[in-house]
Amino acid sequence: MPNRRFADGEVVMGRWPGSVLYYEVQVTSYNDVSHLYTVKYKDGTELKLKESDIKSQSSFKHRKSQSSSSSPSRRSTSRSRSRSPGRPGKGRRRSSSQSREHKDDKKKTIQETNLALLVLICLFDLCGFQPSENNTRRYNGEPESPEKNDTSSMILEQKLKPDLDMERVLEQYSLRPRKEEKKKEEIYSEKKIFEAIKTMEKASSKTKELEFGGRIGTFMLIFFLPATVFYLLLMCKQDDPSLLNFPSALPALESLWEARVFGVFLLWFFLQALFSLLPVGKVVEGLPLSNGKKLQYRINGVYAFILTAAAVGTLLYFQFELHYLYDHFMQFAVSAAVFSMVLSIYLYIRSLKAPEEELAPGGNSGYFIYDFFTGHELNPRIGSFDLKYFCELRPGLIGWVLINLAMLFAEMKIHNQSVPSLSMILVNSFQLLYVVDALWNEEAILTTMDITHDGFGFMLAFGDLVWVPFVYSLQAFYLVGHPTAISWPVAAAITILNCIGYYIFRSANSQKNNFRRNPADPKLAYLKFIPTATGKGLLVTGWWGFVRHPNYLGDIIMALAWSLPCGFNHILPYFYVIYFICLLVHREARDEHHCKQKYGLAWERYCQRVPYRIFPYIY
């Protein structure tokens, strides 16, 4: 095994991939298997380099001294030859010839340097790399426009103007071509350059770090998630719903499927799709995609909820028994699971024909199972109908409220009550508030990782259509078979707890969303932030200066308030709280990793300012 040449912490010169330029980097680690060094650039970017791409600083200083010592003698020799008094006529002719050659060489060198710089700038923009310290000039309290950030577009529009324009580009990126970089053999041809760009774009878009246990983990989750849902529903049906009290006999397979139930589910899905296509509500743009485009979304979730409420009210007026959902609850869950699987297969097949720039950053690994689970295509659309955005809020979230209402009527019928129990009223009210808030602030979902980063595959399809409506309604389903009486003082205390959680959740999300949309808003002048190399800021005051994920803290408090009306006889109603804590801790770790890669040193500074992640003084 060859010995490593550079030690951890050593400051060396590292070559930027795809170029001939070297920058000052610090060695952070060395992999004995791949023989690659992990180095960190000054802006916080971390890359893996071969030993041949790393040189010591002393070698660069030596070259510089040699170049500076030899250039004066060459210049003096050139002047003495052109001004020789012995051969004036021939000297003048040679001087004019040399002058023309010198101009041609200079013009060719400028064109080659311009071309090389253009490619380097495109590569920097592609990788999100900002090597210059002059980036700090951006942060004057006002956001930069996308046109201002797109340096490659700026260079193309100016069509490589020489001299002054090139000086400005050189100053912006701190790029200075050395003499050896001007050699013809080290300058890429135009064809090879753009082939390199295309190859780098394809390589950079591949998902390198796999989540959820990789291929094996995602394969197991495809079966484990449906099994968990059916297990929880079966347990709620038992007289003793202890987690270890497994059902003595599983239901027959033919009893889990009914064509009429599946038809009702399809009717519900397409009814919500019809409501989402109605030309009501404003149309907004999402965040910029990797290719610079912005998709448009119609914000009409509140209108869809009102129309759904009117339709359900009409059914109740004509004496439709809503507890039909409770009687066929397991069959509805099976129908939703089958539909989500079929939808996932369709999404993956259509993603195989999607352009590279439309694939999801987190679901483009090249492994079938992993990409099928996480989602291969970022924003699958049928015309203007966005499948992922629609499923995020409409059929599952509004269906959650409808299921809760069905459980309320089922409780009254089964226990011969004229009014629902106080516990059932609290559960329905708390979760109704949560759903209405999500629909009222529908535009905020456009900034979440589900929309901007995750593809639409089995994970989101099953989560939106099965997990949300059938697991989130677990407390209401539990109360039907296991009624729990609570006093008014206890109900008041639980209500206060839910209000606290909701206030933290909503105010934290509002701060984040408003700041992302318009950091220069005078209403947000009291917020302080740390600037980053991406042009965005990291809030260090308000809720985001209290803990790193205050919205998760509010979520957990509300989840606890939803479970408390079920009492403490069994842990089953608290499954949602346990699951939610595990989910948010996973998301938090995922966000931490993503933000560290994205923001570099700025994220390290933010973590020093805000040490607690979710729970203050605990975690």
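Nonpolar patches are made of residues with over 30% relative accessible area and no salt bridge, their side chains joined within 5 Å. This is a predicted model, and one such patch is a good place to start. Leu-243, Leu-244, Phe-246, Ile-571 and Ile-578 together make a nonpolar surface patch of about 520 Å². Take Leu-243 from that group. Leu-243 lies in the loop between helix H7 (214-237) and helix H8 (259-277). Its relative accessibility is 33%, so Leu-243 counts as partly exposed. That value also clears the patch cut-off, which asks for over 30%.

Now turn to a helix with little exposure. Helix H17 spans residues 474-481. Seven of its eight residues are buried, so H17 is largely enclosed by the rest of the structure. The buried residues are Leu-474, Gln-475, Ala-476, Phe-477, Tyr-478, Leu-479 and Val-480. An α-helix has 3.6 residues a turn, so residues three or four places apart point the same way.

A buried loop residue comes next. His-453 sits in the loop between helix H15 (449-452) and helix H16 (458-471). Its relative accessibility is 16%, and buried means under 20%, so His-453 counts as buried. What does its side chain touch through a polar contact? The partner is the side chain of Asp-454, at 3.2 Å. Beyond its neighbours within four places in sequence, His-453 is in contact with Ala-360, Pro-361, Gly-362, Leu-378, Arg-590 and His-594.

Two other loop residues deserve a look at their backbone. Gln-319 is not a glycine, yet it has a positive phi of about 65°. Gln-319 belongs to the loop between helix H9 (301-317) and helix H10 (324-327). With a relative accessible area of 69%, Gln-319 is exposed. Asn-416 also has a positive phi, of about 55°, and is not a glycine either. The loop that holds Asn-416 runs between helix H13 (387-414) and helix H14 (422-440). Asn-416 is exposed too, with a relative accessible area of 71%.

Finally, consider the strands. Strand E6 (residues 282-285) and E7 run antiparallel, and four bridges join them. One bridge pairs Glu-285 with Gln-296 in E7. In a regular strand the side chains alternate between the two faces of the sheet. Which residues of strand E7 (residues 296-299) form the covered face, and which the uncovered one? Tyr-297 and Ile-299 make the covered face. Gln-296 and Arg-298 make the uncovered face. Gln-296 thus appears twice: on the uncovered face of E7, and as the bridge partner of Glu-285.

How values were computed
Residues are numbered from 1 along each chain as its sequence is written. This is a predicted model: local features need pLDDT of at least 70, side-chain atom pairs count only at pLDDT 80 or more; totals for chains, interfaces and linings use all residues. Side-chain values use heavy atoms; hydrogens and water are left out. Buried means under 20% relative accessible area, exposed over 50%, partly exposed in between (1.4 Å probe, protein chains only). Patches are made of residues with over 30% relative accessible area and no salt bridge: like charges are joined within 9 Å, nonpolar side chains (Val, Leu, Ile, Met, Phe, Trp, Tyr) within 5 Å. Accessible areas come from the Shrake-Rupley method with a 1.4 Å probe; for residues, only the protein chains shown count as cover. A salt bridge is a side-chain nitrogen of Lys or Arg within 4 Å of a carboxyl oxygen of Asp or Glu. A polar contact is a pair of N or O atoms within 3.5 Å; within protein, one must be able to donate a hydrogen and the other to accept it, and residues adjacent in sequence count only if both atoms are side-chain atoms. Contact means heavy atoms within 4.5 Å. Two strands pair if DSSP finds at least two bridges between them.
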